[in-house]
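Colleague: Could you take me through one part of this model in some detail? I would like to hear about the sheets and the helix that packs on them.

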Amino acid sequence: MLSARRLSLARQSRQLFSDVSFSLEPGRALLLQGRNGAGKTSMLRILAGLSQADDGQVLWQDSPIQQSENFHASLLYLGHQPAVNVELSPTENLRYLCALHDDNAESIANILVAVGLAGYEDVPAGQLSAGQQRRIALSRLWLSKAPLWILDEPLTALDVKAVAGLEKRFKQHLDAGGMLIVTTHQPAVLPEHATTRLELSCPEPESEASA
């Protein structure tokens, strides 16, 4: 289980969020919402252990994530950047990912079909569109055995078919007892019965509030 206790963060004397607490259990998803500038990406990075909150604590299995021996092995984090090698083809990128995840390389062809890259297997990633590069990064969702996924706008630049495939993969992960934290403008991809919504709100600047 992942839990957050009274997280607060300010940037340049501006409070982004304060006193945020929640718990996420196996089989559950958390949809992080809020207007631009509310601190959604900052919150995800804190939950992933990539940055620190001003106050509060993030726990994994009741231990602070900084002190947990297995937290990072239990986590898959995907941020805004696709983080693919543009000189390699989708197949070559996936071979590298398979080696990282100790997965069977024979699954590569099936994964490429699942993410909508059939027909582009051997094209250098640098020649592919932003959406296709994003699909290479998202192939990690078919490889990773991590129980906790933290995803920042995973649907960016994806077409309808790719979004449907990702929706199916989310459901499979949750049904298997995985946990998911997502920011997205398309909340329908998450199963309603297994999803909790958390709205981050930050005070409007005085000039806006007084207008």
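Modeller: Happy to; here is a walk through the two sheets, the helix H1 and, at the end, the largest cavity. Please keep in mind that this is a predicted model.

Let's start with the antiparallel sheet. Four strands make up this open sheet, and their order is E2-E1-E4-E5. At its edges stand E2, which covers 14–24, and E5, which covers 63–64. Each of these has a single partner strand, so one side of each has no neighbour in the sheet. E1, made of residues 2–11, pairs with E2 in the antiparallel sense, and seven bridges join the two. If you want a spot to zoom in on, find Ala-4: its bridge partner in E2 is Phe-22. Helix H1, residues 40–47, packs on this sheet and touches E1, E2 and E4, the last of these being 55–60. The direction of H1 makes about 130° with that of E1.

Now for the parallel sheet. This one is open as well and has five strands, in the order E6-E7-E8-E3-E9. Its edge strands are E6 (75–78) and E9 (195–199), and each of them pairs on one side only. On average, neighbouring strands here are turned by 15° against each other, with direction ignored. E6 and E7 (residues 148–152) are paired in the parallel sense over four bridges. A residue to look at here is Leu-78, which stands opposite Leu-151 in E7. H1 packs on this sheet too, where it touches E3 (29–33), E6, E7 and E8 (179–183). Relative to the direction of E7, that of H1 makes about 155°. Taken together, H1 touches E1, E2 and E4 of the antiparallel sheet, and E3, E6, E7 and E8 of the parallel one.

Since you may also care about internal space, let me add the cavity. Searching the whole structure turns up one cavity of 30 Å³ or more, and the largest cavity holds about 50 Å³ of space. Its lining consists of Ala-114, Val-115, Arg-135, Leu-138, Trp-142, Leu-158, Ala-162, Gly-165 and Leu-166. Helices H4 (130–138) and H6 (160–175) each supply at least two of the lining residues. H6 gives the most, with three residues. By class, the lining of the largest cavity has seven nonpolar residues, one polar and one charged.

Definitions and conventions. Residues are numbered from 1 along each chain as its sequence is written. This is a predicted model: local features need pLDDT of at least 70, side-chain atom pairs count only at pLDDT 80 or more; totals for chains, interfaces and linings use all residues. Side-chain values use heavy atoms; hydrogens and water are left out. Two strands pair if DSSP finds at least two bridges between them. Contact means heavy atoms within 4.5 Å. Axes are lines fitted to C-alpha atoms, for helices over the stretch in contact, and angles run from 0 to 180 degrees between N-to-C directions. On a 1 Å grid over the protein atoms alone, a cavity is a set of points where a 1.4 Å probe fits but cannot get out, and a pocket is an open set with protein on both sides within 12 Å along at least five of seven lines; lining residues have an atom within 4 Å of a point. Grid points are joined across faces, edges and corners, and a volume is the space filled by probe spheres set on the points. Ala, Val, Leu, Ile, Met, Phe, Trp, Tyr, Cys and Pro count as nonpolar, Asp, Glu, Lys and Arg as charged, and the others, Gly among them, as polar.
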